[in-house]
Amino acid sequence: MENIKDKARFFVEHYGLAERDLERYLAAALSAGGDYADLYFEYLSSTALSMDESMIKSASQGISAGCGVRVVSGERTGYAYTDDLSSDRILHAARTAALIASAPAKTTVHGFQQTQARSLYPVALPSVDAEISAKVELLMRADKTARAYDPRIKEVRASYADELRNILVVASDGTFAEDSQPLARMNVSCIAKTDGNSARGGAGGGGRVALDFFFGEKNPEFFAKEAARQALLQLDAREAPAGEMEVVLGPGWPGVLLHEAVGHGLEADFNRKKTSAFAGLIGKRVASEKCTVVDNGTMPWRRGSLNVDDEGEPTQETVLIEKGILKGYLSDKLSARLMGIADTGNGRRESYEHIPMPRMTNTYMLAGEDNPEDIIRSVKHGVYAVNFGGGQVDITNGKFVFSASEAYMIEDGQITAPIKGATLIGNGPDVLTRVSMVGNDLKLDEGVGTCGKDGQAVPVGVGIPTLKVDRLTVGGTARKDPGGFMQ
Amino acid sequence: MPTELETRPKLETDLKQIATDIVSRAMKGGATAAECVVREGDEFSTLVRLGQVETLKESGSKSIGVRVFFGQRAASTYSSDFSREGLDRMLKSALELAKITSEDPFSGIPSADQLGQLSGDLDLYHEDVYSLPGADRIDYARRAEKAALDTDPRIKNSEGGSFDAATGHKVFANSHGFIGEYSRSYCSVAAVPIAQNEDGAMQRDYWFSVARTLSKLDAPEKVGRIAAERTLRRLGARKVKTARVPVVFDPMVSTSILEHIFEGINGDSVYRGASFLAGKLGQKIAGDNVTVIDDGTIPGGFGSSPFDGEGIPTRRTVVIENGVLKSYLLNTYTAKKLGLQTTANAARGLAGTPGIGPGNYFLQPGPKSPKELFGGIKDGLYVTEFLGQGVNLVTGDYSRGASGLWISNGELTFPVEEITVAGNLKDLFFNISEIASDLEFRGAVAAPTIRIDGLTVGGE
């Protein structure tokens with residue numbers, strides 16, 4: 001086994017960690033008889049800048065570091081963490097977490113095997129270390145472009161944030177994985193005003209990229225124009241309809257449908273506990289045969305990608321739904337062991353203060369064969385939704401929502417007037433059975449998605465090709481066709 | 001099973017000393033003003049599922065942030081590293097970073113005469129949240145879950161019962177010589193049962209009790225039973241036809257209406273014109289029956305503190321009185337921008353510019369009981385849960401996923417789900433036709449049961 005210095009360079013250099021220390025901490029964690037223990041070391045540095053009224057009003061930087069200790073005994077998990085990386089404090093955390101078990105120590109730890117991982121985001125210079133003046137320039141360019149776009153654009157805010165997360169995961173099963181995870185994003189938000197009317201538009205993007213990403217095709221001008229365009233469009237939006245109708249989702253960010261409708265429901269922890277509406281449906285039809293849905297943590301530079309997950313396991317591409325049939329769940333070490341399934345490398349956590357659990361990475365539907373124009377043309381009366389805000393799901397009854405921020409009416413096969421933002425609501429286990437057309441234009445989102453679960457936020461990606469859902473409830477206000485009752 | 005967990009040794013270092021040192025070192029480094037915030041906290045949580053301990057977590061952490069000004073330029077940095085080198089680096093980066101920010105004529109810390117803190121004990125901290133022995137904490141979680149499971153045979157599964165306790169200590173210092181600190185405690189017990197129908201369809205709901213002292217926490221059995229009742233009543237939920245009917249908001253969701261008002265009248269939204277309520281000071285924005293108060297001074301309150309995020313004593317502010325917008329909620333910066341006085345609502349994390357947060361923020365209750373409020377409704381929706389956001393404060397557009405119970409002839413009848421509730425906040429605030437008497441604080445924001453007319457319920 002090579003010297004630890006080759007492996008955990010970062011934590012050796014900053015904290016003088018040696019392999020025997022790691023063994024000692026794990027031994028303390030297992031001192032009360034736990035089956036498995038792991039240590040998650042994290043050192044996170046971050047920068048955030050924001051521009052408002054054409055001024056850089058806020059600039060901040062910070063560092064947070066700590067170590068989380070987990071001990072698993074049967075189905076039980078003990079967890080403790082410390083933001084002080086001295087031996088004393090880590091040992092104290094280890095002994096606290098150890099108390100989940102109550103037996104003599106039975107597991108010992110000798111040596112580690114380094115995880116062979118991909119290199120999905122090999123940035124030469126992490127953006128956190130890049131010149132801050134270049135980040136300021138991004139915001140100034142965005143501000144200038146948005147304001148110049150149209151005189152009705154009155155308020156512009158632009159923000160930029162980046163981070164570099166260095167992690168080291170070691171476990172009693174010999175896992176030894178290190179990663180250095182860059183993440184950067186920028187957002188532009190505009191308010192357009194006319195006499196007595198206002199509207200907001202927003203756009204943003206990023207990924208596990210270096211600063212030069214924002215000097216390429218997805219530059220400040222791109223996001224600024226997009227935000228301004230959306231704000232102006234909303235000025236003229238009319239009331240959205242209410243009730244069930246045909247819905248066409250545009251490619252990219254509307255993939256949040258998959259994230260809410262099926263992604264969460266397929267996280268293994270909910271299925272182990274049989275609290276998900278998808279529990280027991282493996283091998284069953286949950287979507288039309290045009291639908292194949294995957295979660296893929298191995299896409300280079302993507303916001304949802306990881307070389308290794310937060311348990312030190314390499315990420316992978318996992319088929320969730322294949323031609324409409326439910327194939328598998330997203331798992332972490334605990335659910336894999338308890339359910340007797342493979343670990344898909346989806347064990348993630350927000351920080352060292354949090355217990356890992358199964359989470360999505362980049363979740364998307366593979367392209368189909370339909371021409372997007374034919375999809376629109378096939379709709380008599382419906383909604384075409386191309387941009388979305390957030391969504392939410394109740395995994396137990398399967399009901400999910402997602403909110404359109406840019407949408408249009410489709411009438412007689414033609415896209416007509418823009419409509420106001422509306423929430424769409426459906427039932428996870430059957431919404432995909434109503435997908436009758438799948439476009440050949442798969443696209444992923446621009447890279448600003450964050451997913452929350454049990455109070456833990458992690459960066460994710462979503463994507464779909466253009467999709468037609470035959471029936472979905474649209475939550476507008478417009479009095480609609482006869483048939484629905486109104487009083 | 002653990003019987004006792006080790007408790008974290010109390011920190012010896014004087015955090016007030018660290019905060020004042022950082023401020024004075026910032027000033028020696030050339031800053032014209034500086035603020036420092038230090039936070040430390042401990043947390044304990046346990047989850048019991050189907051009678052077995054599933055997770056047990058116990059830890060503490062602390063962190064520090066500094067904000068420096070060079071004239072009208074400001075920047076901030078933070079760290080979790082309290083070593084000499086860690087603090088040096090934090091301070092040095094702040095002083096460097098301030099060079100790249102813009103001169104903002106409205107920036108700055110409050111003037112010395114505005115600073116201060118409420119005297120007397122606000123009753124925010126009780127050590128007893130940690131007084132239960134480890135085994136009893138687990139037992140609280142177990143009892144809550146068991147009560148839920150025992151309520152009815154249709155409660156067949158559970159996401160568990162939980163017990164949480166936490167304490168937080170906050171220190172704030174600035175270059176006018178302000179130094180203040182306070183501690184707050186919190187404990188809660190919750191249950192999340194799952195009910196199942198004969199056809200296999202599942203429903204989940206929850207209930208919890210939260211308090212600053214263990215002595216005010218509801219019995220776990222009561223929490224579990226209410227959680228079960230709320231879950232059972234959802235079984236067999238169905239969609240309804242699209243309709244425009246009266247909608248009654250359960251107190252668990254009526255707070256969301258207050259949150260939308262807050263989003264619309266906080267200084268940040270107002271000065272940016274990012275709210276349809278901007279510029280409406282002194283005007284009617286809601287019906288005569290609507291009075292909204294923000295009060296950070298209520299003893300024991302979940303939103304109480306002796307001073308705000310900038311060191312200004314908290315106060316009581318009438319936000320809306322009989323439908324008229326009487327005051328925005330402001331911090332120092334947004335008050336200056338709008339030519340007004342701060343309402344001591346500065347809220348801050350470790351870094352960045354201070355934001356705006358509510359104190360104890362509530363809708364004044366009305367005279368009727370919730371039952372009387374249903375009484376006059378022939379067909380209507382009682383919403384118990386919203387899904388998703390779907391609210392645009394710039395335009396007032398409002399469209400949310402919902403579930404609840406259908407009201408027929410004044411009575412709650414069958415459960416409904418997979419529906420939307422939509423309208424526009426501009427009208428919605430005027431259409432709060434009834435406000436019930438059942439105001440109860442379960443957090444910093446509280447509202448009684450309310451009835452709102454004119455909303456569209458979207459379904460089949």
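Start in chain B of this predicted model by selecting strands 12, 11, 10, 15 and 20: these five strands form an open sheet in that order, with mixed pairing. Now look at the two ends of the row. Strand 12 (324–325) and strand 20 (445–446) of chain B are the edge strands, and each has a single partner strand, so one side of each has no neighbour in the sheet.

Stay in this sheet and select residues 292–295 and 316–321 of chain B, which are strand 10 and strand 11. This pair is antiparallel, with four bridges. To see how the two strands line up, show the side chain of B:Ile293, which stands opposite B:Val318 in strand 11 of chain B.

Next, select helix 5 of chain B, residues 251–265. From first C-alpha to last, its 15 residues reach 21 Å, close to the 21 Å expected at 1.5 Å a residue. Colour the buried positions of this helix: they include B:Val253, B:Ile257, B:Leu258, B:Ile261, B:Phe262 and B:Ile265. B:Ser254, B:Thr255 and B:Gly264 in helix 5 are buried too.

Now bring chain A into view. Here 68 residues of chain B are in contact with 74 residues of chain A. On the chain B side, strand 2 (residues 52–70) gives the most, with eleven residues. Coloured by class, that side of chain B shows 20 nonpolar, 31 polar and 17 charged residues.

For a last stop, select strand 2 of chain A (residues 55–73) together with strand 3 of chain B (residues 73–79). These two strands run parallel and are joined by four bridges. Centre the view on A:Ile63, and you will find B:Ser79 of strand 3 of chain B standing opposite.

Conventions. Residues are numbered from 1 along each chain as its sequence is written. Chains are lettered from A and ligands numbered from 1 in the order in which they are written. This is a predicted model: local features need pLDDT of at least 70, side-chain atom pairs count only at pLDDT 80 or more; totals for chains, interfaces and linings use all residues. Two strands pair if DSSP finds at least two bridges between them. Two residues are in contact if their C-beta atoms, placed from the backbone, lie within 7 Å. Ala, Val, Leu, Ile, Met, Phe, Trp, Tyr, Cys and Pro count as nonpolar, Asp, Glu, Lys and Arg as charged, and the others, Gly among them, as polar. The expected span of a helix is 1.5 Å times one less than its number of residues. A residue is buried if 20 or more other C-beta atoms lie within 10 Å of its own, exposed if 12 or fewer, and partly exposed in between; C-beta atoms are placed from the backbone.
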